[in-house]
Amino acid sequence: MKYLKKIIPFAVSIFFVILFCYTTISKVLDFENFQVQISKSPLLNGSLQFLPYTIIIVEVLIAGLLCYRKTRNIGLLGSFVLMLLFTGYIVLILSTSNNLPCSCGGILEKMSWHQHLYFNIGCVILSVIGLGLNLRYSRPAE
């Protein structure tokens, strides 16, 4: 059982590495569309021209942190914060706007806003589980 508790944070990390790399590649390959979709959001200030670049850089940075055992806690914490921010944004979109394009990239762009909300809530929960187990079981034996 303890082995399973050590493997879960690794599996969660792999999931987020794949997720962030996939969405980042999708955004980079269609960067112009990504910028346009973000600029259409009524919740984001149109003058935030750096935001598409920032999102891509943060996703790549977090994916990199998740790849190494020594930085996995920071990466899982970063995954939690990023997914929490994305989830909060979706909640605001659902409560204030209609029919906005999703700027997520790739197959995630095909989800409805409600489907995306459920997916993101699942990711937030997954990051909490991964971080909690990693903090508890990744310490060297004393």
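**Group meeting: helix α1 and its partners**

Okay, let's start with serine 13: this residue is buried, at a relative accessible area of 1% (buried being under 20%, exposed over 50%, partly exposed in between, with a 1.4 Å probe and protein chains only). Quick caveat: this is a predicted model, where local features need pLDDT of at least 70 and side-chain atom pairs count only at pLDDT 80 or more, while totals for chains, interfaces and linings use all residues. Residues are numbered from 1 along each chain as its sequence is written, and side-chain values use heavy atoms, with hydrogens and water left out.

So where does serine 13 sit? In helix α1, helices being DSSP runs of H or I, at least four residues, numbered from the N terminus. Setting aside residues up to four places away in sequence, serine 13 touches Leu66, Arg72 and Leu76 (contact is heavy atoms within 4.5 Å).

Phenylalanine 16 also contacts Leu66, plus Ser79, Met83, Cys123 and Ser127, again leaving out neighbours within four places.

Now the core, meaning buried Ala, Val, Leu, Ile, Met, Phe, Trp, Tyr and Cys residues joined through side-chain atoms within 4.5 Å. The largest nonpolar core has 22 residues, and Phe16, Leu19, Phe20, Leu66, Met83 and Trp113 touch the most other members. Elements giving two or more residues to this core are α1, α3 (51–66), α4 (72–96) and α5. Another core, of 6 residues, lies apart from it, with Phe31, Phe34, Ile38 and Ile55 among them.

Last bit: α1 (residues 2–29) meets α5 (residues 113–137). Among the residues involved are Phe15, Phe16 and Leu19 in α1, and Phe119, Cys123 and Leu126 in α5.

Definitions and conventions:
Axes fitted to C-alpha atoms, helices over the stretch in contact; angles between N-to-C directions.
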